[in-house]
Structure formats: structure tokens, C-alpha cells
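I opened my notebook and went through this structure one spot at a time. Here is what I looked up.

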Amino acid sequence: MTTVVDAPSVVGESTPQDVCRVVAAAAAAAPAVVAATPAERAAWLCAIADAVVAQADSLAALAHEETGLGLPRLDGEVLRCANQLRFYADVCIEGSWLGATIDHATATTPDLRRIQASVGPVAVFGASNFPFGFGTLGNDTGSAIAAGSPVVVKGHPAHPRTHAALMDIAYDALADIGAPEGLLSAVTGLAAGEQLVLAPEIAAVAFTGSEAGGLALHRLAATRSIPIPVYAEMGTVNAVVLTTAAVHRLADLAQGALASFTMGMGQFCTKPGLILAPAGCGFAARLGAELHDGPPTGVLLTVGIHEAFGHGVQNLLTNGAFAVARSDASTPIGPSVWVLEADASLIHRESPLLRECFGPVVLVVEYADAHQRDDLIAALPGALVASVMTGGSADDEVADLVKHLAPKVGRVAVDAWPTGVATLWAQQHGGPWPATTDPRATSVGAAALARFTRPVAYQGTPQAALPVPLQDKNAWRIVRRVDGRLRVPREPKVAQCAVP
């Protein structure tokens with residue numbers, strides 16, 4: 001069923017009193033959220049997911065009005081948002097994220113039990129480029145609620161009406177199911193966001209966006225009398241390496257590269273920004289020809305992003321890159337698409353060519369041999385993901401490349417372009433600085449819950465005083481480690497979520 005979103009035409013900024021009110025409500029809700037069973041938390045997430053699906057068409061249309069990202073993509077992203085919430089419901093119920101560990105007393109050791117406990121209310125700063133998947137009700141919000149943390153979302157100014165509509169949908173869904181008041185709330189405005197980070201009740205911050213934005217929040221949180229972690233997932237120069245055996249399929253690789261670095265007009269944090277290709281293969285020229293044959297069209301999300309993209313391209317050109325191909329802007333607010341090339345001698349650890357340029361531009365650098373290729377990889381800054389494009393399953397360069405790339409990134413993809421992040425148990429969407437402020441954390445996947453918990457051990461504690469997951473009877477029927485052995489319930493619970 002599709003209903004119509006009743007979105008406000010104008011969204012006002014939150015006052016300091018508004019921020020104090022919602023933060024106080026989140027803090028008041030925290031004990032009830034922590035005490036809620038995994039099944040209850042899963043039900044909250046599923047209720048929001050079902051409500052989002054019920055208004056999917058209207059939500060996508062509203063987001064397109066604000067962002068220009070296109071209905072085909074936004075239609076899919078709305079469903080992705082709902083499925084992510086259902087995924088975190090399942091993770092919550094399975095329970096291994098709690099790390100429940102029990103060591104019974106012996107003749108020489110005490111009874112000791114350990115669990116990952118919720119840190120408390122969390123502030124979420126959603127992304128500009130994914131209003132549904134990484135925005136108001138995205139991965140950060142879903143994983144925080146699953147981990148037992150009330151959430152206060154700071155709405156993104158790139159799509160304020162979409163944010164407001166999503167919050168209204170979530171409020172109604174949570175009220176209908178009887179969730180604690182204060183479980184989920186929101187503020188808007190730059191000043192409100194800063195006040196939110198400094199609020200004593202907030203225990204952690206999750207952010208998806210630019211390096212400048214992430215570092216600003218990181219520094220702000222460090223000024224608190226009690227500093228808190230800021231889990232910032234920031235943009236990076238994600239590298240793609242073509243092996244020497246891969247050049248036999250240059251046409252296919254050029255088509256894939258064009259689709260990848262222009263997807264969403266290059267406004268993906270996983271966009272490939274640098275392609276390392278064997279010397280003499282002419283990949284930049286082949287990619288340029290693909291651009292001329294079928295230049296993509298679209299717009300950048302905000303005036304600020306448009307201006308930053310222009311400055312970023314100019315930085316690359318000023319510091320030695322040269323244009324191989326460029327498409328004309330499709331509209332007055334649409335960007336040109338660029339294929340650039342640079343000499344390998346210009347790539348070093350402090351090279352300005354290794355700064356992220358958010359938008360539809362890619363830099364191609366040719367390497368003379370494996371030694372130079374590995375030197376180029378060693379110079380790369382930390383990134384979210386790197387890809388290796390091979391000549392097939394027998395390509396003997398792959399193992400070495402994966403070994404060299406893994407220390408630089410959170411994810412290595414083989415024969416897959418880096419754009420796109422699947423919400424799965426094994427996913428790692430993070431990486432070494434400057435990809436994130438904490439390379440141990442992921443903002444996508446089952447391990448995302450860990451950001452909003454901290455370990456607590458209980459020694460010699462009576463059963464009645466223990467958290468439910470550590471009591472002997474295992475009322476929540478979660479995965480636990482008991483006396484060194486992993487124990488999996490015979491009939492683990494699963495989330496009862498509707499499927500779109």
C-alpha cells in the first residue's frame with residue numbers, strides 16, 4: 001500500500017531549548033531501552049521499516065524534489081533503508097554482538113562474566129548523498145537502536161523535508177508499537193548539531209560525510225570535560241589497480257570504471273578516485289573515449305558540494321594532472337565529468353593529487369613495473385576500499401596486490417568496482433585515517449553495533465544482580481561463550497519483520 005507523505009514545505013532550525021528537551025528525553029528513555037529484550041528492540045526496528053515501505057513511493061518522490069538524485073535510485077534506496085533496519089533487528093536478536101561470556105568459578109578463579117553494555121544516548125549525523133541508506137533512518141540509527149542506545153538525529157540540510165517526513169513516519173510507528181518516548185528524536189541546524197555533541201547526556205557520535213565535517217566533530221567532542229568517541233566515516237581516494245593481465249579486457253574495464261566513478265555523479269564515499277594501470281596500456285584514453293560516447297548527466301546535491309568539486313578539480317590540474325577527457329555540464333547546476341591522468345613521479349605520501357575530490361572525476365596513473373606499482377600503493381592514504389581488476393582466476397599478481405592493499409583500507413574487492421556497500425554480517429565499512437576516525441569501527445554490517453557498547457565484567461555477582469544476558473538461564477536465548485566454549489541455542493529467535 002502506498003500513502004502520501006505529508007511533508008512540511010519549510011523545516012525550521014531547532015532552538016537551544018529544543019535540543020535540551022530532546023536530549024533529556026533520550027537520557028530518560030535510556031534505562032528502558034537498555035532493559036528492552038532483543039525481541040522488543042527488533043520489533044521497534046521492524047515497525048519503522050514497515051512504515052517506510054508503506055510510504056516508499058512518496059518518500060522517493062520527495063527526496064528527488066530536494067536532491068535531484070533520480071527516482072530509480074531513490075526507489076531502491078528507500079527499500080534498502082527498510083531492509084537495513086530489518087537486518088539490524090536480526091543482528092540484535094541473534095545476540096553474539098553482546099559478547100556474553102561466562103567463566104564459572106573454579107578452585108583458583110572467581111566467577112567472572114563479561115558483556116558489551118550500551119553506552120547510552122547517541123547523536124547521529126546523516127549523510128547528504130544517501131538520504132535513506134545513510135541518513136535519518138540509515139545504518140547508524142538502526143545499529144544504535146539495536147545496541148540499546150536512544151538516538152538523536154541531526155537532520156542534514158541537503159534534504160530537510162525528507163528528513164522531517166522520515167522522522168514523522170518513525171514517530172508514528174514507534175508510538176503505535178509502544179516504544180519508549182525519547183527512543184528516537186531529531187534536531188536541525190548547525191548550532192543545534194554543535195550543542196548536541198557537547199550535551200553531557202550524549203555518549204557517542206556517529207557521522208557520515210566529508211573529512212572537514214568529521215574532523216570538526218571529532219575536535220569538538222574532544223573539548224568536552226568528558227570526551228566521547230566520534231565514529232566519523234569520511235570520504236577517501238579509493239584506488240583501483242589493474243593487473244598486467246587485465247589489459248586484455250580494457251574495453252570492459254573502461255565501461256565499468258565510467259559507471260563506477262560517475263555513479264550518483266561521483267557522490268559516493270566509495271567512488272574510485274585513482275586508477276593504477278600498467279604503463280602503455282592507454283587506459284586513460286580508453287576511458288576518455290567511453291566518456292565521449294556516453295557522458296552521464298546529473299546534478300550535485302548542494303551549492304557547497306558544487307563549489308568544492310570545482311576547487312578539487314582545479315587542485316588536481318594545478319598539481320600536475322592533465323585532462324584526457326571532459327564532458328560538458330548537462331545543466332547549469334550539473335558538473336562536468338573529468339578523466340585526468342598524471343605521471344607516477346607525482347604520487348608520493350604528501351602529494352596533493354591524493355586528496356579526495358567528491359564528484360565525477362577520476363585520476364589515472366600508469367606504473368612501469370610491479371616495484372613502482374607497490375611504491376604507489378605504499379604512498380596511498382587510508383581509504384574505505386580498494387579494488388583489484390584481474391586477468392582471471394589464474395592471475396598470479398592478485399595475491400601480492402591484496403597483501404599490499406589490505407593495510408591501507410577497510411575492504412579489498414577483487415574484480416568488483418568499489419562503489420556499493422552490502423549490509424551483511426561480514427561487512428567492514430571503515431578504514432585507516434583519514435577514512436575514519438577509528439579504523440576498528442564499521443558503519444555498516446553486524447559489527448556496527450560495537451560502536452555503541454563498552455565491555456563490563458561482573459565478578460562474583462548474584463544472579464539477580466546480573467544483566468539478563470549473563471544469567472545462567474539465558475532467557476534471551478542468545479549466543480554465549482561459557483567456560484571457553486561457544487554455546488548456540490538450539491532454536492535461536494529471529495526477527496518477525498514483514499518483507500516488502
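**Helix α8**

I began with the length of helix α8, residues 211-222. The helix has twelve residues, and at 1.5 Å a residue they should span 16 Å. I checked the end C-alpha atoms and found them 16 Å apart, so the expected span and the model agree. I note here that the model is a predicted one.

Next I asked which residues of α8 are buried. They are G214, L215, L217, L220 and A221. What do these buried residues pack against? I found two strands from earlier in the chain, β3 (122-125) and β6 (204-209), along with helix α7 (190-198) and strand β7 (230-234).

**E66**

I moved to E66, which sits in helix α3, residues 56-67. Is E66 buried or exposed? Its relative accessibility is 18%. The cut-off for buried is under 20%, so E66 counts as buried.

I then looked for its contacts, leaving aside neighbours within four places in sequence. E66 touches A158, H159, P160, R161 and T162. One of these residues, R161, also has its backbone nitrogen 2.9 Å from a polar atom of the E66 side chain.

I looked up one far pair as well. E66 and A475 are 409 residues apart in sequence. In space, their C-alpha atoms are 47 Å apart.

**S351**

Where does S351 lie? I found it in the loop between β11 (337-342) and β12 (361-367). S351 has a relative accessible area of 5%, so it is buried.

Its side chain has polar company from the backbone. The backbone oxygen of L346 is 2.9 Å from a polar atom of the S351 side chain. The backbone nitrogen of L353 is 3.1 Å from a polar atom of that side chain.

**Cysteines**

Last, I turned to disulfides. A disulfide is a covalent bond between the sulfur atoms of two cysteines. How many disulfides does a search of the whole structure find? The search finds zero.

I checked C269 in particular. C269 is in no disulfide, and the nearest cysteine sulfur, that of C357, is 15 Å away. A disulfide needs the sulfur atoms within 2.5 Å, so I can see why this pair does not count.

I also noted how open two cysteines are. C269 is buried, with a relative accessible area of 13%. C20 is partly exposed, at 48%.

Notes:
Residues numbered from 1 in each chain as written. Predicted model: local features only at pLDDT ≥ 70, side-chain atom pairs only at ≥ 80, totals over all residues. Heavy atoms only, no water. Helix = DSSP H or I, 4+ residues; strand = E, 2+ residues; numbered from the N terminus. Buried < 20%, exposed > 50% of the residue type's maximum accessible area, 1.4 Å probe, protein only. Contact = heavy atoms within 4.5 Å. Polar contact = N/O pair within 3.5 Å; in protein donor to acceptor, adjacent residues only side chain to side chain. Expected span 1.5 Å × (residues − 1).
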